[in-house]
Amino acid sequence: MQLHLYNTASRAKDPFEPLTPGLVKMYCCGPTVYHFAHIGNLRTYVFEDLLRRTLEFFGYGVRHVVNITDVGHLTSDADTGEDKMEKGARREGKSAWDIAKYYTEAFQKDWKALNLLEPTEWPRATDHIAEQIALIRELEEKGFTYSIAGDGVYFDTAKFPRYADFARLDLEGLQAGARVAMTEGKRSPSDFALWKFSSPDAQRQMEWESPWGKGFPGWHIECSAMAMSLLGETLDIHCGGADHIRVHHTNEIAQSESATGKPFARFWLHGGWLLEAPEENASGEKSGKGGKMSKSSGEFVTLDVLIKQGYSPMDYRYFCLTAQYRNYLNFSHAGLDSARDSLRNLRKRTDVLIGKTTPVRSDKGQEWQSRFLEAICDDLNFPQALGILNLMLKDPDLLEGEKATLIGEWDRLLGLGLTEAEKPEALDLPEDLVPLLAERVEARRLKDWVRGDALREVFRARGFVLKDNPDGSVGWEKVSG
């Protein structure tokens, strides 16, 4: 079957083939690690995981790079405001380096909880400063840059005639709207910073010497430099959220293609926003303002919050599967409840089939396989694929062994763990015991047996018996009676 993916560059579903037969080079814009990732951010990574699984299912090797932005992402896309890392450090009274480490680890914990496949590389922007400086120098030598005293080195978008093409931008309208308020010295509101100078009036924690003076890189140059240094000058696939299209990815294209003279990425895939639907109580009253989930509002939902509310990470993963990745998805607890119920019902039907696999030889089995894969090949139509899975399980003419085999095949794509018996989840514990499970795992890792035994007794006193699993995780059982 031919895989078709919706390419933002062409605004069409294009047949996908990599430049190098059998190998896909895929770059995904990663988190800015100044705060916890919210579930809207995580929805994008779930979609990218589905893409990765699909490519590998069809036999491709995938070099998958997810960057960590730990410097240079300002609070405004207009190259104004402060660095988000410095802002996070001031908020918590820690160093920017400590903030980056803490929130990187928190993000990677969420990543594993959602059963996302580990990327080939996790490059950090601060580890690739030399590559960023080299790329800026190349742009400078080719005449694409200019400097603003006391501010930084900028990319001149007028020198890249195709700047507006990718996002279908109205540059004339942008110019007209920006005549009153625009950074002094910028030639165009669409020009963007490649390198920002450190202010002589403020002490920065993250800054480097450069040919233009002490400072730090712009957010956009980081991704281009890391992607090209790890994957080459032309990527097969570049992914991110839909909010990256107008500024971040447009700027990546401009600077990368100006430097190399080659297409930066052949396919651009973007995940749709997670919208916060106003919640409705038993009296029909609604609360919450709705709209796109974002950190700038100060109120956002994390995966840990959902777990404490009684949901599992797989409940949220299933919820993400219920909408096509590039469409908006309205988040509400009622919607998540429905996803949890659907996943539980699905597991009831799949758990009884574990271990019963037989080869799929019947025409019926082949037909179901074709229908499922056709949905996946149609731009990752996982909502339709879920529907086909549920219909297949209800088919009275299909042998249980073939159903079991198809579940195993399809779950390689879904990533829901349907081929494993469901384990007790921490979400069913009293809320105050949930974080103690992680403490127990850490105590075992450090061989702190005294702390481990103390935690075991805490659980026993509350009516739970801990079970240490060979993989390092900790399970539990409720004591009967």
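**View 1. Overall fold of the chain, with its 15 helices and 16 strands.** In this predicted model, the radius of gyration of the chain is 25 Å, close to the 23 Å given by the globule rule for 481 residues, so the chain is as compact as a globular protein of that length. Taken along the principal axes, the box filled by the C-alpha atoms is roughly 75 × 60 × 50 Å. Among contacts in the chain with a separation of 6 or more, 73% join residues that lie 24 or more positions apart.

**View 2. Surface and charges of the chain.** The chain exposes about 21,800 Å², of which carbon and sulfur atoms supply 50%, while buried residues account for 53% of the 481 residues. The chain carries 60 positive and 73 negative charges, and the mean positions of these two sets are 2 Å apart.

**View 3. The largest nonpolar core, made up of 138 residues.** Within this core, the residues that touch the most other members are Leu 55, Ile 237, Tyr 316 and Leu 389. Helix H1, which spans residues 39-57, gives the most to the core, contributing 9 residues.

**View 4. Surroundings of Leu 389, a member of the largest nonpolar core.** When neighbours within four places in sequence are left aside, the residues in contact with Leu 389 are Leu 346, Ile 407, Trp 410, Leu 414 and Leu 418. A contact here stands for heavy atoms within 4.5 Å, and Leu 389 is also one of the four residues named as touching the most other members of the core.

Note on methods:
Residues are numbered from 1 along each chain as its sequence is written. This is a predicted model: local features need pLDDT of at least 70, side-chain atom pairs count only at pLDDT 80 or more; totals for chains, interfaces and linings use all residues. Side-chain values use heavy atoms; hydrogens and water are left out. Helices (H or I, at least four residues) and strands (E, at least two) are DSSP runs, numbered from the N terminus. The radius of gyration is taken over C-alpha atoms; the globule rule is 2.2 Å times the number of residues to the power 0.38. Buried means under 20% relative accessible area, exposed over 50%, partly exposed in between (1.4 Å probe, protein chains only). Accessible areas come from the Shrake-Rupley method with a 1.4 Å probe; for residues, only the protein chains shown count as cover. Lys and Arg count as positive and Asp and Glu as negative; His and the chain ends are not counted. The place of a charge is taken as NZ of Lys, CZ of Arg, CG of Asp or CD of Glu. A nonpolar core is a set of buried Ala, Val, Leu, Ile, Met, Phe, Trp, Tyr and Cys residues joined through side-chain atoms within 4.5 Å.
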